[in-house]
Amino acid sequence: MHAWPASEVPALPGQGRDLRIHDTATGGLVTLTPGPVARIYVCGITPYDATHMGHAATYNAFDLVQRVWLDTKRQVHYVQNVTDVDDPLLERAERDGVDWVALAEKETALFREDMTALRMLPPQHYIGAVEAIPGIVPLVERLRDLGAAYDLDGDIYFSVESDPHFGQVSNLDAAAMRLLSAERGGDPDRVGKKNPLDPMLWMAAREGEPSWDGGSLGHGRPGWHIECVAIALDHLGMGFDVQGGGSDLAFPHHEMGASHAQVLTGEFPMAQAYVHAGMVALDGEKMSKSRGNLVFVSRLRRDGVDPAAIRLALLAHHYRADWEWTDQVLQDAVDRLGRWRAAVSRPDGPSADALVEEVREALMNDLDAPAALAAVDRWAARQEQEGGTDIGAPGLVSRTVDALLGVAL
Ligand code: 5CA
Ligand code: ZN
C-alpha cells in the first residue's frame with residue numbers, strides 16, 4: 001500500500017541525545033541505543049471508524065519517538081500495518097451493507113489524510129494484512145513444523161507453551177490474561193485447545209467470509225498477531241528497537257506477536273522496547289469503536305479546527321497517561337497555538353538557544369511533551385512581556401517546534 005506524504009523535518013543546531021523510554025516488558029525506563037538506522041514497528045488501524053482522537057494520540061507518541069531519533073542524526077526505518085481483514089471490520093461492513101474491501105479502502109484513505117494533516121511522519125512500509133498473506137502462510141507452516149502450532153477442526157493455533165519467554169511482555173498473571181484474551185479477540189473458552197490462551201494463527205474458511213489459498217494450511221485467513229509479526233520480520237528483522245501501540249495492545253497482541261517471532265527465529269527479544277500509549281476517553285469511557293463514543297480528526301477539520309491545534313491538544317498530555325478529550329482541551333490548544341504564532345511572527349525576540357535544549361531534554365526523558373510545551377510557553381511569554389533583540393530566535397523556535405513536535409507555526 002502507499003503511505004502518505006512526508007512533511008520536511010528541519011535540522012536543528014547541535015544534536016539530540018538517546019531516548020529514554022518506558023518499556024512495558026521490563027516495567028521501567030530503558031535507554032535505546034539504535035544503530036545508524038533505528039527500527040520501529042507501530043500497529044496500524046483496523047480501517048473503520050478512523051481516525052479518532054485515541055488513534056491520533058497513539059500515533060503522535062510514536063511520531064515523537066522518530067523525531068527524537070532524527071534529531072540524533074539517525075535514519076528511521078518505520079513500518080506500520082493496516083488490519084484490512086478482521087472480524088470487527090467484516091461485522092461493520094455487514095451491519096452497514098457495504099463491501100468490506102471498499103470500507104477498508106475508504107477508511108484507510110481517510111486515515112492517510114488525517115495523518116498528513118497532523119504532520120505525522122509516514123512509514124516507509126505501509127502494509128495491509130491482505131497483501132501480507134503470501135508471507136504469512138510459510139510462517140504458520142514453519143511454526144507447525146517446529147511443533148509450536150496445532151490443528152483444531154481445521155483452524156491452526158499457536159501453542160503459547162512453545163515460547164519459554166511467553167508472558168514477559170505484559171507480565172500479567174494467568175487470570176488477567178484469560179480475561180483480556182476473551183475481551184480482545186481471543187477464544188479462551190473454545191473446547192479442545194491445549195491452553196485457553198493459545199491464539200489462532202490461521203482460521204479455516206467460514207461460509208460467507210473472505211478466504212485465501214493457504215497451501216498446506218487449506219483455505220482460510222490469518223490470525224491477527226501473526227499478521228503483524230510477518231510484516232515486522234519481513235521489513236525490520238528481529239531485535240528491532242520499538243514495538244509500539246496503545247496500552248490495549250500489550251496483551252494479547254504484542255505478547256503473542258513476540259512469542260510467535262521468538263519461536264520462529266529462536267532469537268530473543270523481538271523488540272528492545274515495548275512501548276504503549278495511554279487510552280483517550282470521552283465522557284468517562286475509553287474512546288472505542290465498539291462503544292461509539294468517538295471524536296474524529298476529520299470531523300474537527302471539517303469544523304475548521306486547525307490540525308496544528310489538534311496536534312497541540314494531543315501533545316498537552318503525557319503519552320503514557322490515560323486522559324479525557326473535552327472541548328476545553330481543544331480550546332486550550334487553540335489558545336496556545338495563537339500565542340505561539342504571535343510570538344514567532346515578530347522579527348526578533350529573546351534568545352532561543354536554551355529552548356532547543358529544553359525541548360530536547362523533555363522529549364528524551366520518556367517523551368515528556370507537556371514539559372516541552374511548558375518550555376515553549378515560557379519563551380512565548382518572555383517574548384510577549386519583554387521581547388528581545390535576537391533576530392534568529394523566532395525562526396529557531398519555529399524550527400524546533402516543527403522538528404521535534406511536528407507542529408508548523
Ligand atoms: N489494527 C490493530 C492493531 S494491529 C488495532 O488495534 N487497530 S485499532 O484501529 O483498534 O487501533 C489502532 C491503534 O490505536 C492501536 O495502537 C490502539 O491501541 C490505539 N487506540 C485505539 N483506541 C484508543 C484510545 N481510545 N486511546 C488511545 N489509543 C487508542
Ligand atoms: Zn498489530
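Which protein donors bind the zinc ion (ligand 2)? In this predicted model, they are Cys43 through SG, Cys228 through SG and His253 through NE2, at 2.1 to 2.3 Å from the ion.

## Zinc site

Around the zinc ion (ligand 2), the four donor atoms subtend angles of 102 to 121 degrees, and the arrangement is therefore tetrahedral. The donor residues follow the spacing C-x184-C-x24-H along the sequence. Cysteine 43 and histidine 253 link distant parts of the chain, being 210 residues apart. Cysteine 43 belongs to the loop between β3 (37-42) and α1 (53-71), whereas histidine 253 belongs to helix α7 (residues 250-265).

Both of these donors are covered by protein. Cysteine 43 has a relative accessibility of 5% and so counts as buried. Histidine 253 is likewise buried, its relative accessible area being 2%.

## Histidine 254 and glutamine 243

Histidine 254 is also part of helix α7, and it is buried because its relative accessible area is 1%, where under 20% is required. Glutamine 243 is located in strand β11; with 4% relative accessibility, this residue counts as buried. The side chains of histidine 254 and glutamine 243 form a polar contact of 3.2 Å.

The surroundings of each residue include the zinc donor Cys43: Cys43 is among the contacts of glutamine 243 and among those of histidine 254. Beyond neighbours within four places in sequence, glutamine 243 also contacts Tyr41, His254, Met270, Ala271, Ala273, Tyr274 and Val275. With residues up to four places away likewise left out, histidine 254 touches Val169, Gln243, Gly244, Gly245, Leu249 and His276 as well.

## Ligand 1 pocket

The residues around ligand 1 number 24, and those that come nearest are Thr58, Thr83, Asp248, Met287 and Lys289. Helix α1, helix α6 (224-235) and strand β11 (240-246) each contribute at least two residues to this shell. The largest share, four residues, is supplied by α1.

Several side chains approach ligand 1 through polar atoms. In threonine 46, a side-chain N or O atom is 2.9 Å from a nitrogen atom of ligand 1. Threonine 58 places a polar side-chain atom 2.8 Å from a nitrogen atom of the ligand. For aspartate 248, the distance from a side-chain N or O atom to an oxygen atom of ligand 1 is 2.5 Å. The protein buries 95% of the 610 Å² that ligand 1 exposes when taken alone.

## Helix α9

Is helix α9 (residues 307-315) mostly covered or mostly exposed? Eight of its nine residues are buried, so that the helix is mostly covered. The buried residues are Ala308, Ala309, Ile310, Arg311, Leu312, Ala313, Leu314 and Leu315.

These buried residues pack against α1, α8 (297-302), β15 (323-324), α10 (327-344), α12 (369-385) and α13 (393-405). At the start of α9, aspartate 306 brings a side-chain oxygen to within 2.8 Å of the backbone nitrogen of alanine 308.

## Aspartate 18

Aspartate 18 is placed in the segment before β1 (20-23). Its relative accessibility is 27%, and it therefore counts as partly exposed. Threonine 31 is 13 residues away from aspartate 18 in sequence, with a C-alpha to C-alpha distance of 6.6 Å.

Apart from neighbours within four places in sequence, the contacts of aspartate 18 are Thr31, Leu32, Thr33, Thr72, Arg74 and Met364. With arginine 74 there is a polar contact of 3.0 Å between the two side chains.

## Backbone features

Two cis peptide bonds deserve mention. One runs from alanine 50 to threonine 51, with omega near -15 degrees; threonine 51 lies in the loop between β3 and α1, the loop that also holds the zinc donor cysteine 43. Another joins phenylalanine 251 and proline 252, with omega of about 0 degrees, and proline 252 is in helix α7.

Positive phi angles occur at two non-glycine residues. Aspartate 283, with phi of about 55 degrees, is in the loop between β13 (280-282) and β14 (285-286); this residue is exposed, as its relative accessible area is 65%. Leucine 367, with phi of about 50 degrees, is in the loop between α11 (353-364) and α12, and its 1% relative accessibility means that it counts as buried.

How values were computed
Residues are numbered from 1 along each chain as its sequence is written. Chains are lettered from A and ligands numbered from 1 in the order in which they are written. This is a predicted model: local features need pLDDT of at least 70, side-chain atom pairs count only at pLDDT 80 or more; totals for chains, interfaces and linings use all residues. Side-chain values use heavy atoms; hydrogens and water are left out. Donors are N, O and S atoms within 2.8 Å of the metal (3.2 Å for Na, K and Ca); water is not among the atoms, so sites may look incomplete. Four donors count as tetrahedral if all angles lie between 85 and 135 degrees; four count as square planar and six as octahedral if opposite donors are over 155 degrees apart and all others between 65 and 115; anything else is irregular. Buried means under 20% relative accessible area, exposed over 50%, partly exposed in between (1.4 Å probe, protein chains only). Contact means heavy atoms within 4.5 Å. A polar contact is a pair of N or O atoms within 3.5 Å; within protein, one must be able to donate a hydrogen and the other to accept it, and residues adjacent in sequence count only if both atoms are side-chain atoms. A residue is near a molecule or strand if one of its heavy atoms lies within 4 Å of it. Accessible areas come from the Shrake-Rupley method with a 1.4 Å probe; for residues, only the protein chains shown count as cover.
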